[in-house]
Amino acid sequence: MWATGIEDTFITDPWLATGRTLDEYELTHHYQLWREDLDRMADLGVSAARYGIPWYRIQPAPDRWDWSFPDQVLPALRDHGLEILLDLVHYGTPAWLHRAFLSPAYADRVAEYAAAVAGRYRGLIRCFTPLNEPRITAWYTGRVGLWPPYAYGWTGFARVMLSLCQGICQTAAALREVVPDAVLVHVDATDQYVSLDPSLADEVRLRQQVGFLALDLVSGRVDDRHPLWDWLCRRGFTEALAAWFRDHAAPLDVVGVNMYPMYSLKRLVRTRRGIRQQTPYAPPDVLKTLVAWYAGRYRRPVMITETAARGPIWRRARWMDESIGVVRDLRAAGVPIIG
């Protein structure tokens, strides 16, 4: 499967940055120019599109729904011959959901929203991403406090991550209740951690395991044998929560790997201000390593769901060619990359 897409971040009230809602469809004028955008997508000749919808607009109040935008654009995507991989949550929640991902009602509310979307577009959409990049969401909302609910530290990260993953599990169940043959495409950012400092070996291992944490939780793999068990328990995880995730595990129909060469190789260094991350530009071997890791760990089909390169056209074209080469090599070796 070849897919294209449009970046679809929707964050209400990012007050530390701008004091307004960050809606990339507004910034790119997609709400006004969506017909032309869909024409461009179809002209590429691809068979599918990752496409997000703005939860905060669709459900502007707890008891009110506004389907005017997706009612136009989603059928038009299919009319253009594009299979829809629907992105339900991309970094943000409606402003009325107090404390966002740390709201006690979050998991129930996001599952309610997912069920409403699946029911309204039954027969039109089969592939869903319950939540885009849970690790990055937990980082910016729980670790460094830039987005709602503005939590800080590794404890904040863990609390947000647990809530996100409970929401993903309940969303998966809600989708399958409405669309029994729904395909769940779980998308997360992927990183390879390295260090030239032998004293940081434990930190490298910790951060590499944190990279797998969302998919491990969602698929019910976290128990007292998990390498992050003690780390999680120090931050509020319990036997009861582990049992909940095992009982509510979501199927990993497709594992979506997001890899950007300018971000996905993380080199840890020790400085006077503590441990810092450097991001040298990653060679294609990093993409090959990451896809092989995720395919081997979860034994599920893999799709490279986002990638891009920065710089002049020749550099971006080279990254496209190199990425395609990596996919061909991995498929030849039996790794189930489907897109």
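**Figure 1. Tyrosine 106 and its ring partner, phenylalanine 101, in the predicted model.** Tyrosine 106 is buried, because its relative accessible area of 1% falls under the 20% limit. Phenylalanine 101 has a relative accessible area of 0% and is therefore buried as well. A pair of aromatic rings is described by the distance of the centres and the angle of the planes. For phenylalanine 101 and tyrosine 106, the centres lie 5.2 Å apart and the planes stand at 80°, so the pair is edge-to-face.

**Figure 2. The ring pair of phenylalanine 10 and tyrosine 25.** The whole structure contains 21 aromatic pairs. In the pair shown here, the ring centres are separated by 5.1 Å and the planes meet at 85°, so the arrangement is edge-to-face. Phenylalanine 10 belongs to strand E2 (residues 10-11) and tyrosine 25 to helix H1 (residues 24-27); with these positions 15 residues apart, the pair links distant parts of the chain. Phenylalanine 10 counts as buried at 4% relative accessibility, and tyrosine 25 is buried at 0%. Both rings also belong to one aromatic cluster, formed by Phe10, Tyr25, Tyr31, Tyr51, Tyr56 and Phe69.

**Figure 3. The second largest cavity.** Rolling a probe the size of a water molecule over the atoms shows where empty space is left. By the rule applied here, the model holds 2 cavities of 30 Å³ or more. The second largest has a volume of about 40 Å³. Its lining consists of Phe10, Ile53, Trp55, Tyr56, Leu88, Val89, His90 and Gly92. Of these residues, 6 are nonpolar, 2 are polar and none is charged. Phe10 and Tyr56, two of the lining residues, are also members of the aromatic cluster.

**Figure 4. The largest cavity.** This cavity encloses about 60 Å³ of space. The residues that line it are Thr129, Pro130, Leu131, Pro134, Ile168, His186, Val187, Asp188, Ala214, Leu215 and Val218. Strand E7 (183-189) and helix H8 (201-218) each contribute at least two residues to the lining. The lining is made up of 8 nonpolar residues, 2 polar residues and 1 charged residue.

**Figure 5. The surroundings of threonine 190.** Threonine 190 lies in the loop between E7 and strand E8 (192-194). At 1% relative accessibility, this threonine counts as buried. A polar atom of the threonine 190 side chain is 3.0 Å from the backbone oxygen of asparagine 258. Apart from its neighbours within four places in sequence, threonine 190 is in contact with Arg135, Val257, Asn258, Met259, Ser264, Leu290 and Tyr294.

Conventions. Residues numbered from 1 in each chain as written. Predicted model: local features only at pLDDT ≥ 70, side-chain atom pairs only at ≥ 80, totals over all residues. Heavy atoms only, no water. 1 Å grid on protein atoms, 1.4 Å probe; cavity = no way out; pocket = protein on both sides within 12 Å on 5 of 7 lines; lining within 4 Å. Points joined across faces, edges and corners; volume = space filled by probe spheres on them. Helix = DSSP H or I, 4+ residues; strand = E, 2+ residues; numbered from the N terminus. Nonpolar A, V, L, I, M, F, W, Y, C, P; charged D, E, K, R; others polar. Buried < 20%, exposed > 50% of the residue type's maximum accessible area, 1.4 Å probe, protein only. Polar contact = N/O pair within 3.5 Å; in protein donor to acceptor, adjacent residues only side chain to side chain. Contact = heavy atoms within 4.5 Å. Phe/Tyr/Trp six-rings, centres within 6.5 Å; stacked < 30°, edge-to-face > 60°.
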